Structure formats: C-alpha cells, structure tokens
Amino acid sequence: MIDNPGMREFGIVDAEDGLAGSHADIGTLAAGCRYRDCSHTGEPGCAVLAALDSGAISRAHYENYLKLRDESAFYRMSHAERRQKDRDFGKYIKSVKKDLRDN
Ligand SMILES: [Zn+2]
C-alpha cells in the first residue's frame, strides 16, 4: 500500500458516510431543531438534546456523533476555503469578460 493524499481523501468519505449512515437517526432529529445551524450542544429548542434527555438516544451515541461531526467539520473547513477560492476565480473570469465586452 502506497500512502498518498488520495488515500486520505478516502478517509474523508468514510467519515462523511459514518455521519450520514450510523447517525442517520440524529440527522432526522436535527430537522426538528429550532435553529437550522443548531450545533446540538446546548441551543434552546434542540431536538437532539431533547431526545438525549428523554432517553430516545443514548449518551454514547450522541457523543460519538459529536466526535465524528467535529472530525468531518475539520475537513469541510478546507472544502469551504476551496469553494471561496473558486468564487474569487469566478469573479476574476467575470471581470475579464467584462473588459473584453467594453473594448
Ligand atoms: Zn440541535
């Protein structure tokens, strides 16, 4: 096995799959949170914390979810930065096209 950046990309996909797969129940509960960007760690009206309180989901399951989410959030951060760069490049292309039209 050769270690290369591509292999790490597979790891990212696994983490995302784990979040959507084994924690699909929490994802479903999250739809009932008051805030769309709820972090499920103390916001009022959080449906995930309510389910945790009522025993609908176990604390271990919840904590595992937070751990997985934090790991994939770390990767998403760099994805967001990449998207920002793409947007900047798009603006650049637009300004070039505008220059071409103006001339
Ligand atoms: Zn929540």
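**Briefing: a predicted four-helix chain**

In this predicted model, confidence is lowest in helix α1 (residues 5-21), with a mean pLDDT of 50, and highest in α3, at 97. Here pLDDT is the predictor's confidence in each residue, from 0 to 100, and helices (H or I, at least four residues) and strands (E, at least two) are DSSP runs numbered from the N terminus. Over residues 10-18 the pLDDT is below 50, and beyond near neighbours in sequence this stretch has 6 contacts in the model; a contact is a pair of residues whose C-beta atoms, placed from the backbone, lie within 7 Å.

**Basis of the model**
- Residues are numbered from 1 along each chain as its sequence is written.
- Local features need pLDDT of at least 70, side-chain atom pairs count only at pLDDT 80 or more, and totals for chains, interfaces and linings use all residues.
- The chain has a mean pLDDT of 79, and 75% of its residues reach 70 or more.

**Overall make-up**
- The chain holds 4 helices and 0 strands, in the order α-α-α-α from the N terminus.
- Of its 103 residues, 8% count as buried (20 or more other C-beta atoms within 10 Å of the residue's own; exposed is 12 or fewer, partly exposed is in between; C-beta atoms are placed from the backbone).
- Among contacts between residues at least 6 apart in sequence, 35% join residues at least 24 apart.

**Nonpolar core**
- The largest nonpolar core (buried Ala, Val, Leu, Ile, Met, Phe, Trp, Tyr and Cys residues joined through C-beta atoms within 7 Å) has 6 residues: I26, L29, C46, V48, A51 and Y65.
- Helices α2 (24-30) and α3 (47-54) each supply at least two residues of this core.

**C46 and H40**
- Leaving out residues up to four places away in sequence, C46 touches C33, C38 and H40.
- H40 lies in the loop between α2 and α3 and counts as buried because it has 20 C-beta neighbours inside 10 Å.
- Most residues other than glycine have a negative phi.
- H40 is not a glycine, yet its phi is positive, at about 60°.

Technical notes:
Contact = placed C-beta atoms within 7 Å.
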